[in-house]
Amino acid sequence: MSSVFLHAARPQPPVPEPLQDAIRIATKLAARLAETANARDQAGGHAAQEREWLRESGLLTLSIPVEFGGQGASWPLVYQVIRILARADSALAHVFGFHHLQLAGLQLYGSAQQQRRLLALTVDERLFWGNALNPLDKRVTAADSDDGFTLDGIKSFSSGSVGSDWLTVSAWHAPTQTALIAALPTRQDGVTVQADWDAFGQRQTDSGNVHFQAVALPRELVLQAPAQAATPQATVRSQIAQLIMANLYLGIAEGAFEAARHYTDEQAKAWFASGVAKATDDPLVQHRYGQLWLLLRPAQVLADAAAQELEKVFRKGALVTARERGLLAVAVAEAKCLAHKAGLEISSQMFELTGARSTSAQYGFDRYWRNVRVHTLHDPIDYKLRDLGRFALNGTVPEPTAYS
């Protein structure tokens with residue numbers, strides 16, 4: 001049965017011919033991931049084979065500029081691929097999305113030389129990037145050395161770190177009371193990745209701890225030096241991250257909606273008092289699906305609009321202004337708040353429409369709620385709503401932080 005999302009009237013900008021394959025590849029890969037998503041969710045751990053499928057798909061080079069050997073895809077296309085994958089497996093979509101977040105960081109923070117070296121290396125060696133840049137965890141320290149810095153400490157919530165080839169790292173520099181941002185090979189001496197992620201959702205995001213013990217960080221791999229003032233361009237990274245999350249929530253919402261719709265159509269029994277033979281003919285069921293659809297559609301529209309805005313800002317490079325960056329943050333906050341609500345509400349209410357039998361472990365429908373519930377705790381939604389309230393009242397745009 002074809003997905004309802006194939007029939008929804010959602011005009012999209014035309015995708016250049018060479019990149020149309022990305023949608024086809026992502027759709028095929030999502031179907032492959034869906035076959036084992038429930039079992040892997042129950043098992044947890046590291047999805048080594050599935051990550052290799054991502055590598056083999058060629059999608060890891062999607063956001064890398066053509067001049068470095070990548071595919072040069074727009075951000076709306078990258079987010080579309082993330083959402084397609086998240087419908088089937090939001091944990092692997094998270095790992096995929098955060099890979100591209102690290103690549104974006106190279107472009108936003110790195111010098112021309114660093115970009116050429118690291119992005120071309122990513123293409124040539126089919127590298128998979130992980131994240132060790134949790135800005136609230138200052139336990140990794142950077143001490144000055146003759147040719148750079150020495151890193152020591154632990155970094156938590158390091159999504160995609162297990163099985164990665166390179167990491168983007170942040171470390172606290174005590175003399176300047178600021179953080180540096182750098183890139184490092186995951187297998188460098190002194191780096192140990194601890195696969196200890198044990199949350200009840202997003203169980204295969206490889207988001208454990210990374211330990212650094214006397215790790216040598218050469219100066220040429222420092223993307224943003226201590227005490228270096230962040231430009232409006234550099235602060236766009238947080239908006240890329242936030243919109244990745246919005247599309248993860250939205251993909252989960254779409255996956256839950258589709259799973260519920262298919263179950264209602266194929267397996268659910270009409271309630272005896274409804275007076276109809278088929279559950280989908282029950283006007284109360286139709287009414288409830290209409291309500292869920294109205295949670296989903298505005299979230300889709302705002303997520304797509306925010307992706308278009310991000311594309312414009314990102315391509316301006318160093319010319320982007322603080323105001324432009326701030327208006328982007330408003331668009332992303334709008335999308336994330338609605339995706340947050342759609343993901344939680346649809347993944348919870350779906351059981352009221354599918355009934356008691358749908359709670360069987362064989363379906364694993366509970367993973368939609370568990371995954372979105374865990375991920376939506378990344379940063380408080382109330383501060384997004386506060387930012388939107390300030391903008392609505394007096395036009396104030398969000399202050400640039402690692403989360404806004």
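Buried means under 20% relative accessible area, exposed means over 50%, and partly exposed is what lies in between. Keep those cut-offs handy for the exercises below, and remember that this is a predicted model.

**Exercise 1. Sort the ends of a salt bridge**

Task: Which side chain does Arg288 meet in a salt bridge, and how do the two residues class by accessibility?

Solution:
- Step 1: find the partner. The side chains of Arg288 and Glu352 meet in a salt bridge, at 2.5 Å from N to O.
- Step 2: place both ends. Arg288 belongs to helix H8 (residues 283-316) and Glu352 to helix H9, so to speak a link between distant parts of the chain, 64 residues apart.
- Step 3: apply the cut-offs. Arg288 has 22% relative accessibility, so it counts as partly exposed. Glu352 comes in at 55%, which makes it exposed.

**Exercise 2. Two more pairs**

Task: Are Asp379 and Lys384 buried or exposed, and how does the pair Asp137 and Arg139 class?

Solution:
- Step 1: start with the general idea. Side chains of opposite charge can pair when their charged atoms come close.
- Step 2: take Asp379 and Lys384, whose closest N and O atoms are 3.0 Å apart in a salt bridge. Asp379 has a relative accessible area of 7%, so it is buried. Lys384 is buried too, with 5%.
- Step 3: some salt bridges share partners, and in this way Glu52, Arg55, Asp165 and Arg187 are joined into one network.
- Step 4: now Asp137 and Arg139, which meet at 2.8 Å, N to O. Asp137 is buried at 7% relative accessibility, whereas Arg139 is partly exposed at 44%.
- Step 5: for the full tally, the model has 22 salt bridges.

**Exercise 3. Read the face of a helix**

Task: Which residues of H1 are buried, and where do they sit around the helix axis?

Solution:
- Step 1: check the geometry. Helix H1 (residues 20-34) has 15 residues and reaches 22 Å from its first C-alpha to its last, close to the 21 Å expected at 1.5 Å a residue.
- Step 2: list the buried positions, which are Ala22, Ala26, Leu29, Ala30 and Leu33.
- Step 3: look down the axis. The buried residues of H1 fall within an arc of 105°, so they line one face of the helix.
- Step 4: recall the repeat. An α-helix has 3.6 residues a turn, so residues three or four places apart point the same way.
- Step 5: ask what lies over that face. The cover of the buried residues of H1 includes helices H2 (37-43), H3 (48-57), H4 (75-88) and H5 (90-109).

**Exercise 4. Trace the strands**

Task: Which strands pair with S3, and over how many bridges?

Solution:
- Step 1: S2 (residues 141-145) pairs with S3 (residues 148-155) in the antiparallel sense, over five bridges.
- Step 2: these two form a hairpin, with two residues between S2 and S3. One bridge joins Ser145 to Gly148 in S3.
- Step 3: S3 also pairs with S7 (residues 209-218), antiparallel again, over seven bridges. Here Phe149 has Leu217 in S7 as its bridge partner.

**Exercise 5. Work out one residue's surroundings**

Task: What does Thr354 touch, and is Thr354 buried or exposed?

Solution:
- Step 1: locate Thr354, which is in helix H9 (residues 322-354).
- Step 2: its relative accessibility is 6%, so Thr354 is buried.
- Step 3: leaving out residues up to four places away in sequence, Thr354 touches Ala260, Tyr263, Thr264 and Ala268.
- Step 4: finish with the polar contact. The Thr354 side chain reaches the backbone oxygen of Met350 at 2.9 Å.

Conventions: Residues numbered from 1 in each chain as written. Predicted model: local features only at pLDDT ≥ 70, side-chain atom pairs only at ≥ 80, totals over all residues. Heavy atoms only, no water. Helix = DSSP H or I, 4+ residues; strand = E, 2+ residues; numbered from the N terminus. Buried < 20%, exposed > 50% of the residue type's maximum accessible area, 1.4 Å probe, protein only. Polar contact = N/O pair within 3.5 Å; in protein donor to acceptor, adjacent residues only side chain to side chain. Contact = heavy atoms within 4.5 Å. Pairing = 2+ DSSP bridges. Expected span 1.5 Å × (residues − 1). Arc of directions from axis to C-beta. Salt bridge = Lys/Arg side-chain N within 4 Å of Asp/Glu carboxyl O.
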